[in-house]
Amino acid sequence: MRIVVLGAGVVGVATAYLLAREGHEVTVVDRQPGPARETSFSNAGIIAPGHVYAWASPRAPSILLKSLWREDTALRFRLKPDPALWLWSLKFLANCTAERNRRNTLVKLRLALFSREELHQIAAETGIDCGLSGKGALYLFRDREHLATGFANSALLREHGLEIENADPDRCVELEPALRAARSKLAGGLYSPVDESGDCFRFTELLASAATQHGVAFSWETHVESLSVERGRATAALTSHGRLKADAFVLALGSYSPSVARTAGVRIPVYPVKGYSLTVPIDGHAGAPHMPGVDEAYLVAFARIGGKLRLTATADFAGYDTRHAPADFAPMLKVARELFPDGGDYDHPSYWSCLRPMTPDGPPIIGPTRVSLRSRWTG
Ligand SMILES: Cc1cc2nc3c(=O)[nH]c(=O)nc-3n(C[C@H](O)[C@H](O)[C@H](O)COP(=O)(O)OP(=O)(O)OC[C@H]3O[C@@H](n4cnc5c(N)ncnc54)[C@H](O)[C@@H]3O)c2cc1C
C-alpha cells in the first residue's frame, strides 16, 4: 500500500519505519528541514511507565482554578476567547472523576509498557544508540503529605504489575548520589526501575536514516495544508509542493493535527500545551544526576541527555504561541540549583519551548477516523 505519513516527529518517523518494515511504500512529509525539529526536539526524554498518571484527576479542577490568578505555578491556565480551549476544557473536566482517571491511567500504562518494548526492539534491530539510561527513574517529593498521596497513587500501577519502590530520603540518595546536597529537602520518593531516559531527537534522526534504508522517502520543508476527501475517503494531501496521492494517510502532526484533520471534516480533541526546556553543559561538573526523574513539588523533570543536563517544566495554555523569555526558566533553574548544586553550568543554559499535543483524557488518539484516511481498500 502507498502510505503518506504527515509529520516527522518521533511518532511520524517511528510509524513510517514500522510501516516500511512491513513492506509498505511510505513517504513522510514535514515542514521542517529534518526530523524531530519541533516537540520531539528538546523534551526530557523520560520513558516513564511509572509516571503515566492521567492529568485529568479529581484534584485537577482546583489546581486549574488556582493557576488562574497565580503566576508561579507549574500549570498556567488562562481563560481566553478560544472555542477550542473551551471545548477541550469541558472534555477535560468530564474526565476528572476518580473512575475515568483510573481508566485513563491504565490505558496509558499499557501503552507506555508496549512502547518501551517496541523502543528496545527497534534499537536492537537498527543498532540505534540514543543514550538510554536504564536503571530506573526517581520521582521526588518535598513534603510528607504529598509523598503520602504519591505512595497511595502508585498502588494502582503496582496492582497492575509495575514494580515501584517507596524510597526514603537516604534511599533516594543511594539511588542517585547527586542528590546528596538536597537530602534535607526531600521527604522521599518513588523509584520505578523500568523507567529510563533517552535522547528523543537523536533517536528520531537515526531512525529516519534507518527508515530511508527501508525505502521511506522524506519530503522536507513541505507544508501540509489540507486533505482532499472523495466519497468519504481521503485521496490526497495538498502541500506547499503540490498534491500527494496515497492509499492511506497517517496524521502525526502533533499539536497541528486538528487543523489539518478539520479540512477532512474530522474533529480531533487535541489542544497545544506549551512546555519549557533548558539544557546546560555538564563538562567539569561532577554533580549531574545519572538517573532521570521529576521534582513533584515543582513538576520539574530532569535527565542527562547527550552529555548535558536537561530540565523541563510547565504546562502553559498559551495557544499556538511558542515564544519564551528567560523569566520562564527561572523556576526551573532554581530547582536545578537546589537539587544538583554542581549539576552543570547553570550560567550558560540553552532555552527551548514547544507544544505538547494534549488530549483531554490523556491517552493519545490512535486508530481510524470517521472519514477514512484510506482512499481505497487494497486488501
Ligand atoms: C517540555 C516537554 C517535555 C516533555 N518531556 C517528555 C518526556 O520526558 N517523556 C515523554 O514521553 N514525552 C515528553 N514530552 C512529550 C513529547 O515530547 C511529545 O509527546 C512528542 O514529542 C510528540 O511527538 P509527535 O511526533 O507527535 O509531535 P512533534 O514532534 O511535534 O512532530 C510533529 C511534526 O509535524 C510537523 N508539522 C506540524 N504541522 C505541519 C504542517 N502543517 N505541515 C508539515 N509539517 C507539519 C512538525 O514540523 C513536526 O515535525 C515532552 C514535551 C514537552 C513540551
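**Exercise 1. Which helix and strands each supply at least two residues of the shell around the ligand?**

Two notes before you start. The model is predicted, and local features need pLDDT of at least 70, side-chain atom pairs count only at pLDDT 80 or more, while totals for chains, interfaces and linings use all residues. Residues are numbered from 1 along each chain as its sequence is written.

Solution.
- Step 1: Look for helices (DSSP runs of H or I, at least four residues) and strands (E, at least two), numbered from the N terminus. The elements you want are α1 (10-21), β14 (271-281) and β18 (350-358).
- Step 2: Pick out the nearest residues, where near means a C-beta atom, placed from the backbone, within 6 Å of the molecule. Of the 33 residues around the ligand, Gly-9, Asn-43, Ala-44, Gly-254 and Gly-275 come nearest.
- Step 3: Sort the shell by residue type, with Ala, Val, Leu, Ile, Met, Phe, Trp, Tyr, Cys and Pro as nonpolar, Asp, Glu, Lys and Arg as charged, and the others, Gly among them, as polar. You should get 15 nonpolar, 13 polar and five charged.

**Exercise 2. Place the ligand relative to the domains.**

Solution.
- Step 1: Take the bounds from an automatic or database domain assignment: domain 1 is 2-40 + 202-262, and domain 2 is 51-197 + 271-358.
- Step 2: Both domains give residues to the shell, so the ligand lies between them.
- Step 3: Between the C-alpha centres of domain 1 and domain 2 you will find 29 Å. Ten residues from domain 1 and eleven residues from domain 2 make the contact, counted when C-beta atoms, placed from the backbone, lie within 7 Å.
- Step 4: On the domain 1 side, helix α7 (residues 200-213) gives the most, with five residues.

**Exercise 3. Decide how enclosed α1 is.**

Solution.
- Step 1: Call a residue buried if 20 or more other C-beta atoms (placed from the backbone) lie within 10 Å of its own, exposed if 12 or fewer, and partly exposed in between.
- Step 2: Nine of the twelve residues of α1 are buried, so this helix is largely enclosed by the rest of the structure. Among them are Val-10, Val-11, Tyr-17 and Leu-19.
- Step 3: Find their partners: the buried residues of α1 pack against β1 (2-6), β2 (25-29) and α7.

**Exercise 4. Is His-285 buried or partly exposed?**

Solution.
- Step 1: Locate His-285 in the loop between β14 and β15 (293-295).
- Step 2: His-285 has 17 C-beta neighbours inside 10 Å, so it counts as partly exposed.
- Step 3: Leaving aside neighbours within four places in sequence, His-285 is in contact with Asp-342, Gly-343, Gly-344 and Asp-345.

Terms used:
Contact = placed C-beta atoms within 7 Å.
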